[in-house]
Amino acid sequence: PARQPANATQRSAAQRNQAAQRNAQPNQSAARGTAAQRQTSATARRGGGRVAYSGGGGISCVPYARQATGMAISGNGRDWWHNAAGRYARGRRPEIGSILAFPASGGMRAGHVAVVARVHHSRLIEIDHANWGGPGIRRGQVMRGVQVMDVSDDNSWTRVRVQVGWSAENFGREYPTYGFIHNRPATTLAA
């Protein structure tokens, strides 16, 4: 066995050198993973949702929503509703291309944002979003065509249930929402 350096400082330096040497060698398994990702279609469809593989560490909901809509809103998902005030129209009715904004709640300390992709009727929409966990879903993935059901008493979209995993028949627990941020200036009439 290799002889260990005498003190902690020397051991740390030796460990850093060993790690640097390992990282300098070509990583054949990573290359195989990349090739496998290239062979995988850009989207995979199972049940009611589609996933777009983002590769690497993935993408969170905020950069995805900015990229998908072009909206220039700062902050975490929980901040978008308030940071959009006076800049973007906000309302309680879904529109394609709008953002459904979730406040911080439960396990979503940073809140969440999702892009409305389709409106089925007054109580059911489909969203595209990133970094939402669930059965068989890796965090950091972009999911497309995920169903969201309005369960608020007054059809205000202030309480929703989001499709769980790949099943279009199963919806998770209730989540509070702020409503929809529309991709138009705040001076226009909001839905």
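In the predicted model, W81 has a relative accessibility of 11% and therefore counts as buried, the cut-off for this class being under 20%. Y178, by contrast, is partly exposed, since its relative accessible area amounts to 21%. These two residues belong to the set of aromatic contacts, for which the count comes to 5 pairs. The rings of W81 and Y178 lie 6.0 Å apart, centre to centre, with 10° between their planes, and the pair is classed as stacked. Distant parts of the chain are linked by this contact, as W81 is located in helix α4 (residues 77–84) whereas Y178 occupies the loop between β9 (171–176) and β10 (179–185), the two residues being 97 residues apart.

A further pair is formed by F102 and W132, whose ring centres are separated by 5.8 Å and whose planes meet at 50°, so that the arrangement is tilted; an angle under 30 degrees would have counted as stacked and one over 60 as edge-to-face. This pair, too, links distant parts of the chain: F102 is found in strand β4 (residues 99–102) and W132 in the loop between β6 (124–130) and β7 (142–150), at a separation of 30 residues. F102 is buried, because its relative accessibility is 0%, and W132 is likewise assigned to the buried class, because its relative accessibility is 11%. The contact between F102 and W132 is part of a wider arrangement, in which ring pairs join F102, W132 and Y175 into a cluster.

How values were computed. Residues numbered from 1 in each chain as written. Predicted model: local features only at pLDDT ≥ 70, side-chain atom pairs only at ≥ 80, totals over all residues. Heavy atoms only, no water. Phe/Tyr/Trp six-rings, centres within 6.5 Å; stacked < 30°, edge-to-face > 60°. Helix = DSSP H or I, 4+ residues; strand = E, 2+ residues; numbered from the N terminus. Buried < 20%, exposed > 50% of the residue type's maximum accessible area, 1.4 Å probe, protein only.
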